[in-house]
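Student: Could you take one part of this model and walk me through it closely? I'd like to hear how it sits with what's around it.

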Amino acid sequence: MNLTANKKTLALSGVLLGAIAAVLAYMGNPKNMAMCIACFIRDTAGAMKLHQAAVVQYVRPEIIGIICGAFLIAVVTKEYRSTAGSSPMVRFVLGMIMMIGSLAFLGCPLRMVLRMAAGDLNAYVALIGFVAGVFTGTLALKRGFSLGRAYTVDKASGTILPIAMVVLFVLSLTTTLFVSSEKGPGSMHAPVFIALIGGLLFGAIAQKCRSCFAGCVRDIILMKNFDLLTIVGGIFVVMVIYNIATGNFNLSFTGQPVAHAQHIWNILGMYAVGFAAVLAGGCPLRQLVLAGQGSSDSAVTFLGLFVGAAFCHNFGLAGVAAAAATADAPAVAGGPGINGQVAVIACIVILFIIGFMPKNKKN
Amino acid sequence: MRQKEWKLIITFHTTSDAIAFEKACKETGRSGRMIPVPRELSAGCGLAWCTVPADRADMETFLKECSIECEDMAELLY
């Protein structure tokens, strides 16, 4: 079946993606975090001891599944193309920025939509920043920003990341090399093989329908084209139904799982993510899918996300979730600390330099 | 539902090339519009220029005039 034939089939692909997320949420993934590319890369980086935040360490099979699912479907449908050479180090930096922005908000654009579907009003505030970031990115594109074209390279290049993911998965099952959180979000997860199958299906469907959270806003701004938004709509509707059915829908700013109500940092964090995603040619989910279908440039962006996650927790850049007062501890307002706030501002400055430097103007 | 018609689709190596070509076409009054790259042509998610097949020769010449290299030029029902 052609999932991109028309808006109905695109919406169906969104419904399928939403259904996978709902199953993963039901099977044990953290609340409002059925599938989050930034959080799950961060957890995996923690499991590999790239950072020491004890509550967010776990090799997430979903990440492995998305990359390998996109790889397998691309090979089967003869769409696998090994490409590289489009400003890899700039992409690495953009990957890091996407992670820093995501962890200031506490979620990638996919989780932003999942949080919106659970009634988290902070995610609606963050959406303002995300749309503004994508809009700024499109202005850079209109001014001639380009990372340059990618070239076809040796087929092996595009297989490195999927193979590395398989090795990571096998090692996570057969050795004690990696650590797993005993409490906190890292300790909450769906059973390994259900998470892997969910990831494989998610990656394969996302590859076929080209779902991208930054791309959908970009297409609306540049062409008034709503095709990609249809997919996001499908995910949103399914998750709203799931959250209402399971009693997880809570329309408020407070009391939301793994979230904070520091509006300015929710906006600026997602502003950086939207801006960086347009410059990099796709949101974190899209980068994983592109890496799976052979783009070494997107694989480098993935590495940027990975290292960025380690930076966030090693240097105190990540936001802290709000928490109500308990008998033992006072209430926590949450949000990024001073290090994180400086980092988000610095990231936005760097994005303007990358996107609007005169050397990037064509001719 | 919109009736599909045969169209000439021009894809580019970069998004900025597509945007630059759109700007040049509009400035010179050429017909056509920017669209997302049709899924039939690519698994990528870039932008493409869509016009009528009769414009092929003009488009080939104009691309050279603009010094913009296209990735592909294909006719399909869109």
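Tutor: Let's start at Arg210(A), which has a positive phi of about 60° in this predicted model. Arg210(A) comes just after helix 8 of chain A, so let's step back into that helix. Helix 8 covers residues 192-209, 18 residues in total. From first C-alpha to last, helix 8 of chain A reaches 26 Å, close to the 26 Å you'd expect at 1.5 Å a residue. As for its surroundings, 13 of those 18 residues are buried, so helix 8 of chain A is largely enclosed by the rest of the structure.

Now over to the other chain. 12 residues of chain B are in contact with 22 residues of chain A. On the chain B side, helix 1 (15-27) and strand 2 (33-36) each supply at least two residues, and helix 1 of chain B gives the largest share, 4 residues. By class, that side of chain B has 7 nonpolar, 4 polar and 1 charged residues.

Strand 2 also belongs to an open sheet of 4 strands in chain B, ordered 2-3-1-4 with antiparallel pairing. Strand 2 and strand 4 (70-77) of chain B stand at the edges with a single partner each, so one side of each has no neighbour in the sheet. The twist averages 35° from one strand to the next. Strand 4 of chain B is joined to strand 1 (residues 6-12) by 7 bridges, and Trp6(B) stands opposite Leu77(B) of strand 4. Finally, helix 2 (residues 56-66) of chain B lies across strands 1, 3 and 4 of chain B, running at about 15° to strand 1.

Note on methods. Residues numbered from 1 in each chain as written. Chains lettered and ligands numbered in written order. Predicted model: local features only at pLDDT ≥ 70, side-chain atom pairs only at ≥ 80, totals over all residues. Contact = placed C-beta atoms within 7 Å. Nonpolar A, V, L, I, M, F, W, Y, C, P; charged D, E, K, R; others polar. Expected span 1.5 Å × (residues − 1). Buried ≥ 20, exposed ≤ 12 C-beta atoms within 10 Å, placed from the backbone. Pairing = 2+ DSSP bridges. Axes fitted to C-alpha atoms, helices over the stretch in contact; angles between N-to-C directions.
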